[in-house]
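Here is a short report for a reader new to this structure. Please look over the sequence and the model before reading on.

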Amino acid sequence: LLYYKQKMTFKTSIRLYLLWSLYCCALLSSTEEVAVEEESSPDQKACDAPDINEYPPPPPKSCRLLLSPRPSSSQDTGGDDNREYGIYSAVTIPKNHPLTPLGGDLVLHLIDVRTSSDDDQKSSGQQEALQLHKWKKYGYIQEAATSGHGGNYEGLGNIWSVLPGVSMLGASRHQQQGRPNIWASIPENDEASHPRYRSALAGSFALHHNLTHQVTIPGGLKGGDEVLVDRSGWHRKRAMMLNSDDALDGDGSSNNSNDDTAMRIDDLFEHGTCLDNIYPGKSSNGHGRGALASRVIPSGSIAAPVPVLPLPREELKFLRLKEWKKVTAFRKRLLKETANEKGDGEGVVAEDELSLPPDMEWREQLMLNYCYGHEQSSVLLFPYGVFVNYINHAPSTKESSDGPVANVKLQWSERLMNTTTTFRNLDLRSLTPSQLWDQSTNLEGLVLELVALKDIQPDEEILLDYGSIWSKSWKEHCDQYPESVLKLADDHTLEKEFSPAYIMDDVVTNLRTAEEQAQFPYPENVFTACFYRYDNNETTTTNDIVNKDRTK
């Protein structure tokens, strides 16, 4: 109209039209904003704000490792230890570099685990640990004797190693499908400055810790590569020259491709959760070891994902192997006595805790201290996220002027769990305990997350409120800590009588001879052991080995 009626040039008409359009858009936008301000009350505006549970902030761009749902194409690794979530690298990590450079995870040991082959336990009416066996089947638990992570002599029966963090979270490949790309060295072992003769904390936490994984694949991990752990003994077999690819390629680079399991970096940050917001370190609150922030964790953001595995509380009860023999003898005596009373030659003994001798009680695995659960619930949840088991307790509100306060809380990770629910068409939270234990599939899929309650600064300790029931029980434990132990601690009597094995290894460079031990015996809690291995060539003799060594 301007062009025809006002006799303007075409370019001038277009410019005026654009300016008028911008003015109208600004006016409409302004009017809309004013209307919202007039209609919304403060409470309504709070309700309109995005819910962090539905819209969690994305992981920080500086994140190196992420937990993300695995593509359906990579969920079938050909074995029982498939994983629905995977660990992915967002950066390049060269070969021989640590996967988590700020520290490693802890190691728990299950002592004298019940199995179907234990005659003493079967005759005592004690059921085998069915769910723990399922964990072992799916690669969450390893034999201590073959894992190389310590614990071999924690008991005389079956010793299983529980390796939360990378070892449990990561997917793996079977031998015929290619090589793993990381390997874990031997963990450290110490009391975190809380020895049994000085601290009520002694015995409440794992001694084995800092299990750190190194990248082993030639060329290193690239951004988007999935972390693949070694559950088939690939590295052990390679050290013994038993791997099939050793003859093909000296460095194993024929299996260096992760293309079938890799993900796009953008997809990782869109669907994944950061795994290295926290790292293990010294607790600033006197708890020995703790979890610290590796970077700023803004209020409302996810500090760490916490996947959990369900477990019957009953399966964490145990007896030492020697104790089972006493239980068997006791039950046989009860059967004989009840048979005599009935007069029919058949005795009956109740299958419960009353079947134990009067002077015996069930022991509890140390793993119980790391589980979530209500004291009256038969179901426990074991967290196996990276470094989350280092997190210590603090109350939600200040109990003293200088006391710490919890800076994270737990909530369900709806984003990660929705992926699993869609994949399985089943939400594990909807099942009863009996239905849960009847599941024949991997029980992976329950995921919590730690959410920051405030801005957490780098190197600040991560603290979680364990709950009022735990706080009450812990206070009672500290109040009842044996005065006799504290009295002996004052004059260092226990310190003289007790020598941890790891200290003996460091201090004693040479083993004592039989004559020396007669005069200077080892403490009663320490014994010596000899480790040996056979040569690959079974026909090799001792003389051959000696002569070979002499020529070196």
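Among contacts in the protein chain between residues at least 6 apart in sequence, what percentage join residues at least 24 apart? The figure is 77%, where contact means heavy atoms within 4.5 Å.

This is a predicted model, in which local features need pLDDT of at least 70, side-chain atom pairs count only at pLDDT 80 or more, and totals for chains, interfaces and linings use all residues. Residues are numbered from 1 along each chain as its sequence is written, and side-chain values use heavy atoms, with hydrogens and water left out.

**Overall picture**

The protein chain has 18 helices and 22 strands. Both are DSSP runs numbered from the N terminus: helices (H or I) have at least four residues, strands (E) at least two. Of the 552 residues in the protein chain, 43% are buried. Buried means under 20% relative accessible area, exposed over 50%, and partly exposed in between, with a 1.4 Å probe and protein chains only. The protein chain exposes about 31,400 Å². Carbon and sulfur atoms supply 53% of that area, computed by the Shrake-Rupley method with a 1.4 Å probe.

**The cores**

A nonpolar core is a set of buried Ala, Val, Leu, Ile, Met, Phe, Trp, Tyr and Cys residues joined through side-chain atoms within 4.5 Å. The largest one has 72 residues. Leu110, Trp135, Met367, Phe382, Leu450 and Ile462 have the most contacts inside it. Strand E15 (residues 302-312) gives the largest share of this core, six residues. Apart from this core lies another, of six residues, including Leu319, Trp324, Leu356 and Trp362.

Met367 touches Leu108, Leu110, Trp135, Val162, Leu311, Leu316 and Phe382, leaving aside residues up to four places away in sequence.

**Strand pairing**

E15 is mostly covered, with 11 of its 11 residues buried. Two strands pair if DSSP finds at least two bridges between them. The table lists three antiparallel pairs.

| Strands | Bridges | One bridge pair |
|---|---|---|
| E15 and E21 (residues 446-452) | Six bridges | Proline 305 and glutamate 449 |
| E15 and E18 (residues 379-383) | Five bridges | Valine 308 and proline 383 |
| E1 (residues 65-69) and E2 | Five bridges | Proline 69 and tyrosine 85 |

E1 and E2 belong to an open sheet of three strands, in the order E2-E1-E12, with antiparallel pairing. Strands E2 (85-89) and E12 (273-274) stand at the edges with a single partner strand each, so one side of each has no neighbour in the sheet.
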